[in-house]
Amino acid sequence: MATIYYWEYISDFQDYGYLGVFVAAFFAGSSLPMPLPYIVVTFTLGGVLNPLLVGLISGLGAGIGGTLVYLSGRGGRRLFFGTDIFTPDVDEADPSRIAKTVDWARRRGSIVIFIMSAIINPLFAPMAVAMGALKFRTEKFFLMCWAGNTVKSLLIAYCGYFGLGALLSWLNLGI
């Protein structure tokens with residue numbers, strides 16, 4: 001509703017185009033504490049620009065930003081230097097919960113990263129930091145994060161295209 005009410009201000013954002021989508025998604029996906037509503041930007045610009053490109057670019061920006069969160073966890077391992085919290089020996093004789101969790105994350109982490117990236121949730125950042133601390137492969141994390149964010153961003157952009165675009169055309173607010 002706010003998109004319709006403030007349409008004249010939001011439509012100015014389309015001047016930034018695809019670069020604006022990328023920057024908004026990057027900052028929203030990164031560990032920088034910037035409350036950018038990239039979902040609103042992706043939705044709105046999906047209604048006025050090519051929704052396929054908006055979704056792909058938004059997914060790339062959020063994927064790169066999410067990978068920065070992961071890298072902060074990867075670098076944060078040094079805080080736990082000298083402990084076996086994130087590097088236990090995983091074998092059948094060690095029934096500890098940490099060892100099982102680490103083993104599970106290394107084997108099934110791709111699925112978790114994809115799902116957590118593809119849905120809107122506040123738990124992505126802690127999961128990304130944990131995967132970084134567990135030394136999950138960086139390129140695998142990026143690919144799954146990018147894929148999940150791209151699915152989410154395409155869905156949001158096409159919702160903007162079909163929902164907002166049709167509504168704005170019906171209200172003659174110019175698209």
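This is a conversation between a colleague and a modeller about how the labels on a predicted model are justified.

Colleague: What is this model, and how are its residues numbered and filtered?

Modeller: It is a predicted model in which local features need pLDDT of at least 70, side-chain atom pairs count only at pLDDT 80 or more, and totals for chains, interfaces and linings use all residues. Residues are numbered from 1 along each chain as its sequence is written, and side-chain values use heavy atoms, with hydrogens and water left out.

Colleague: Which elements does the protein contain?

Modeller: There are 8 helices and 0 strands, where helices (H or I, at least four residues) and strands (E, at least two) are DSSP runs numbered from the N terminus.

Colleague: Why is α3 called roughly antiparallel to α4?

Modeller: Helix α3 (residues 17-29) and helix α4 (residues 38-48) pack at an angle of about 155°, with their axes 9 Å apart. That angle makes α3 roughly antiparallel to α4, since angles under 35 degrees count as roughly parallel, over 145 as roughly antiparallel, 65 to 115 as roughly perpendicular and the rest as oblique. The axes are lines fitted to C-alpha atoms, for helices over the stretch in contact, and the angles run from 0 to 180 degrees between N-to-C directions.

Colleague: Why is Tyr38 counted as buried or exposed, and what makes α4 largely enclosed?

Modeller: Tyr38 is in helix α4, and at 9% relative accessibility it counts as buried, because buried means under 20% relative accessible area, exposed over 50%, and partly exposed in between (1.4 Å probe, protein chains only). In α4, 8 of the 11 residues are buried, so the helix is largely enclosed by the rest of the structure; among them are Val41, Leu45 and Val48. Across the protein, 38% of the 175 residues count as buried.

Colleague: How do you know that Arg137 and Glu139 form a salt bridge?

Modeller: Their closest N and O atoms are 2.9 Å apart, and a salt bridge is a side-chain nitrogen of Lys or Arg within 4 Å of a carboxyl oxygen of Asp or Glu, so the pair qualifies. A search of the whole structure finds 1 salt bridge, and Glu139, at 45% relative accessibility, counts as partly exposed.

Colleague: What makes the phi of Lys135 worth a remark?

Modeller: Most residues other than glycine have a negative phi. Lys135, however, has a positive phi of about 60° although it is not a glycine, and this residue lies in the loop between α7 and α8. At 46% relative accessibility, Lys135 counts as partly exposed.

Colleague: What makes the nonpolar patch a patch, and which helices supply it?

Modeller: Leu52, Leu53, Leu56, Tyr158, Tyr161 and Phe162 form the patch on the surface, with about 550 Å² of accessible area together. Patches are made of residues with over 30% relative accessible area and no salt bridge, like charges being joined within 9 Å and nonpolar side chains (Val, Leu, Ile, Met, Phe, Trp, Tyr) within 5 Å. Tyr161, at 39% relative accessibility, counts as partly exposed and therefore passes the area criterion of over 30%. Helices α5 (51-76) and α8 (138-170) each supply at least two residues of the patch, and Tyr161 lies in α8. The accessible areas come from the Shrake-Rupley method with a 1.4 Å probe, and for residues only the protein chains shown count as cover.
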